[in-house]
Amino acid sequence: MAAGVEWTAIVLTCRRGGGVAALQRELELRRRRGALGRRPVLVLALEDPWAGVGSGGATLNAVLVAAEHLSARAGCTVVSADALKEARILILHTGREFSFDDCGRAFTCLPAEQPRAAAEALVCNLDSLLGTVTQRLCVGSPPGVWVCSTDMLLSVPSVPGIDWDGFQGVRVIAVPGSQAYARNHGVYLADEQGLVRDIIYKGTETQIQQCAGPDGTVPLVCGVVFFSSSAAEQLLATHVIPPLDACTYMGLDSGAPPIQLSLFFDIVLSMAGGMTEEDFVKGGGDASVRSARSVLWTALRAFPLSMACIPDASYDYLTTAASDHIRSLTLLPSSTSHLRFCKTAHSHVDPLLLEDGSSVTNCLLEGAVRLAAGSVIQHCHLQGPLEIGPGCLLTGLTVDSSPALQGCPLRDVVLQGHHVRLRDLPCRVFTLTGRLDDWQSPAEEATYLNISWAEFFHRTGIRKGDLWDAETPQKDCCLLSARLFPVLHASEALGLEDVLWLLAPAASGERLARWRAAWRMSWQELLPCLDKAAELGARRDLFFLQGQHKVQCVLLGRQDGSLLPLIRSAVHEGYHEALLGTLDEVASTADDAGIAARALACIADVLGCMAHGEGGLRSGPAANREWASAFGRLESGDIAGGVRELAAERLKWMSSPALLVRAARHYEGAEQILIRQAVMSSCQFVTVCPVELPPLGHWVQVACPARLDLSGGWSDTPPITYEHGGAVVDVAVLVDGCRPIGARVRRIAEPELRLASLGGTPWGEAAVELVCRELGHLENYCQPHAPGALLKAAFICTQIVQFPSQKPLRDQLMENFGGGFEVHTWSRLPHGSGLGTSSILAGAVMAALYRAAGKVAGTESLIHAVLHLEQRLTTGGGWQDQVGGLVPGIKIGRSEARLPLRVEVEEILVPEGFARILSDHLLLVYTGKTRLARNLLQDVVRNWYARLPSIVQNADALVNNAEECARALRQGNLPLIGKCLDVYWQQKKCMAPGCEPLAVGRMMDALQPYVYGQCLAGAGGGGFLYVLTKEPQQKETLHQILAKTEGLGNFSIHSIEVDTGGFSMEVVGCDPNSSTHSGEDMAM
């Protein structure tokens, strides 16, 4: 929910017998979805104490009940007016029944979606009004009580311009309307100060003209009133004074006689400046109302009644005319509305079969269901072929109704299916009326199915006596009271065909007899029997049924729509099991590992949502032995079998939040297996050629530059890179004049693997040493933090060692190479530098291993080989690091949105001498902060699979910015390159929130005036900051600036230089530090 008022209490009133329990559930669901604000609110559905208590009585009762609940929460034992002082209370009146929605005007669904909502749900008029009042009308208002009708569509500008400074009393909200519209409506007569003088309902032309403003419009009553806290307290005080006590449930429980009270013409009118006490009190209908008015005058008269008429606001009363209702659901709402209507909302339907000007909401339309302009379908599950002509409204029809509709021409009709409860007997009833019919006009001057009643009787053979009793007065013989609609039959099941025959009664003898034999009811008789709980439940069932189809379409169609809002709703409303079943089906039947992986990620999201924020962090270990069998099936390529075993194991982990979170982690682990398999398709782009083996004991030494990512990073990360496509601009750089990353390998006589990390220099002492003499020593190669894991994985990925294998390591090494290998690695860069160290080191190791084993791989092959290695190592990661460090100079790497994953690199041709200029303007600042990219990677992949709109849009922007940066480099345009760097940093922060430590933010702020652009290298979170300075050679200047900046900790500044030579590989003698070598020196 957007920023707005945080309500203390929301009260929804309904008429007696209005399904209060079902409405309470609807409010609770909205609270769980976050649609009622962030803070805990009291939400109450409240039944009117009397059948005819009126809007005023309902308001007084709601204020009393809200005050009573808030008093109890405050520890009071009696109702205290103090509970209202700082409270913000919203009262929504659902009002009368509605001909076109069994749940009333408040729950009439609008053809709209809210893509930014945390949880996906149908948008009802109630939700629209909640948004309008909360986020627009109430902003800036003091504590008090807002009262709002729900019988209208209301649109208000985002800034309504209401002045709340020094406000006191009561304020009514008005919208400008035409004088013609006002003839059948209520308008306010206000003075120049905006104080209300009178409220005129269905006034004369002269009275309405008196209310008009300079532009000729009049302020329409729109059903919204605000009572300040003091005014609400005074209103509350009247609940103990007869006869107003009869308006509340306390009066009902005390035996007080009922009284009807209007909010506007009894309560609000008492404060109108143009009223006298005598006129006001005399205006009451009977003695009890006159007495009530006298009490209200005394209690409220002192409060000023002001009006706020909102320019550009619009108001549309939901009338009982079908034409008006269809129009309101097919025309675009006012430009000031916070909603945007769409042709299809929350529906599974072929949009090509819907004409412009039609509307489908919460429907599952299978097959060829064609809908003409000016027609609406809501809450229907239908199967084609069907043709729905213009001017129709269809609601509440199930798939069983489809055969009856096929071949039945529909035009200008309203066809509805209703859930009815006759005492304890639930049943389905269908009603059929014409778009032009009027419910209450006498039959002599009215129509049914858009023709005169006389014509209808002639066509069908139905007689007037079939519909109305003989003693019914002529004026009461109308559509509302006509017993037209079959409810029960003694011997046969009734269906839609039992009303459809009324449209085409050609061979109607049998149908007429069946119709006459059925027990029928009028709409007037049906209204009290409508089962709101069953109707709302059926709508939810259909919503999640079409939601399951949406899941299949989005996943199988590789669409970018986010399923997370639907997942949250399914969990909130208890439909998670059905959703899990659909996801299992998609994952197990998809012929694409990428689709299956996303389905498994969605299952992880369902399990995570079911934990309701408890049970620990989503990221964590995923190697519990209970899941090993399922993982093994996925590793072997048996996706269907693996998904089935995952589902079976999942059932054991559903009993607590902690278990649910751990299960979600294992589903993400399963998803990573499938990502690895997808990425390892890049192996086909690895080509090695045999060359002569170097002599035993001779070192193969590789030195690599670091890399700077200038734009596009994260778009190279699987699965983004093969589902969306990626582009990254990288620069190979020397740091402080040298290539900081390297490895050397030599063959040794002993059949073993000696692994050593030399720390920061090629000639330093070994910081870590390992010796592997058995295959079992390599088992932990896929555990990134295990000692020597990267080197072990490199031996396996270069196929120097076959693992797993029945042949011992010793035998493999002796047979193939006549001995073992010794590997040394080093990096001058700190851990977590952001300069691509681990991937570039992997490339260096693999290049040296290939050469030491008598093979050679080109740069393109090494790029893909490192991708393969990092998937085997289970660190994930993309391709930009090895592209940056293994390919010389300035370049852009790209991958298309497809498998197999292939990376193509293009050199960026910069102006002559520009590489030197760029080197003079680039500096590295070590922030003193380190962070592992893997911590960020899990969140990014999770958000990508959820297809959060911000992440999808950002992926597009990353690729676009990379291409823009490449253009700027070709032009040699330093300011434009700097702009790309700044944009890139914002994109990184969007992709991985939290990647900017506070100290880094202070550092960047201090440097901002002196640089064209700046960005943290790599994934962010720490490591190196690189800056593009406005002036060349600014190392000392920046050092002085940062030295004066507080809170930075240990930082250092380093020079960098574009490396146009690429990584070097040479075969040297037995002493790697000797300047003599065997003569082979290769720059690649």
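Reader: Is R633 buried, partly exposed or exposed in this model?
Author: Bear in mind that this is a predicted model. Buried would mean under 20% relative accessible area and exposed over 50%. R633 has a relative accessible area of 35%, so it counts as partly exposed.

Reader: And which residue does R633 meet in a salt bridge?
Author: R633 sits in helix α22 (residues 628–635), and its partner lies in helix α23 (residues 639–650), twelve residues apart in sequence. That partner has 25% relative accessibility, so it is partly exposed. The N to O distance is 2.5 Å, and the residue is E645.

Reader: What about E492 and R514, how far apart are their closest N and O atoms?
Author: These two link distant parts of the chain, 22 residues apart: E492 is in the loop between β24 and α15 (497–500), while R514 is in helix α16 (residues 509–517). They form a salt bridge, and the closest N and O atoms are apart by 2.2 Å.

Reader: Of E492 and R514, which one is buried?
Author: The cut-off for buried is under 20% relative accessible area. E492 has 40% relative accessibility, so it counts as partly exposed. With 13%, the buried one is R514.

Reader: There's a pair in helix α1 too, E28 and R31, so what separates them along the helix?
Author: E28 and R31 form a salt bridge, with 2.8 Å between the closest N and O atoms. Both belong to helix α1 (residues 20–32) and are three residues apart, so what separates them is about one helical turn.

Reader: How accessible are E28 and then R31?
Author: Partly exposed covers the range between 20% and 50% relative accessible area. E28 falls in that range at 24%. R31 is partly exposed as well, and its relative accessibility is 30%.

Reader: How many salt bridges does the structure hold?
Author: Some of them join up: E26, R30, R33, D127, R540 and E573 are linked in a network of salt bridges. For the whole structure, the count is 57.

Reader: Which residues make the nonpolar surface patch of about 270 Å²?
Author: One member is in strand β24 (residues 485–488), namely L488. L488 counts as partly exposed because its relative accessibility is 31%. The patch is made by L425, L488 and W519.

Reader: Let's go to F280: is it buried or exposed?
Author: F280 has its place in helix α9 (residues 277–282). Its relative accessibility is 0%, and the cut-off is under 20%, so F280 counts as buried.

Reader: Which residues is F280 in contact with, leaving aside neighbours within four places in sequence?
Author: One of them is D266, which is 14 residues from F280 in sequence and 8.5 Å away in space, C-alpha to C-alpha. Contact here goes by heavy atoms within 4.5 Å, so that C-alpha distance doesn't rule it out. The list is F265, D266, L269, S270, M275, R293 and W297.

Reader: Stepping back, what share of the chain's residues is buried?
Author: The chain has 36 helices and 42 strands. Its C-alpha atoms fill a box of roughly 120 × 75 × 60 Å along the principal axes. Out of 1084 residues, the buried share is 57%.

Reader: Last one: how far apart are the mean positions of the positive and negative charges?
Author: The chain carries 91 positive and 114 negative charges. Take the mean position of each set, and the two are apart by 2 Å.

Definitions and conventions
Residues numbered from 1 in each chain as written. Predicted model: local features only at pLDDT ≥ 70, side-chain atom pairs only at ≥ 80, totals over all residues. Heavy atoms only, no water. Helix = DSSP H or I, 4+ residues; strand = E, 2+ residues; numbered from the N terminus. Buried < 20%, exposed > 50% of the residue type's maximum accessible area, 1.4 Å probe, protein only. Lys, Arg positive; Asp, Glu negative; His and termini not counted. Charge placed at Lys NZ, Arg CZ, Asp CG, Glu CD. Patch = residues over 30% accessible without salt bridge, like charges linked within 9 Å, V, L, I, M, F, W, Y side chains within 5 Å. Areas by Shrake-Rupley, 256 points an atom, 1.4 Å probe, with all protein chains shown as cover. Salt bridge = Lys/Arg side-chain N within 4 Å of Asp/Glu carboxyl O.
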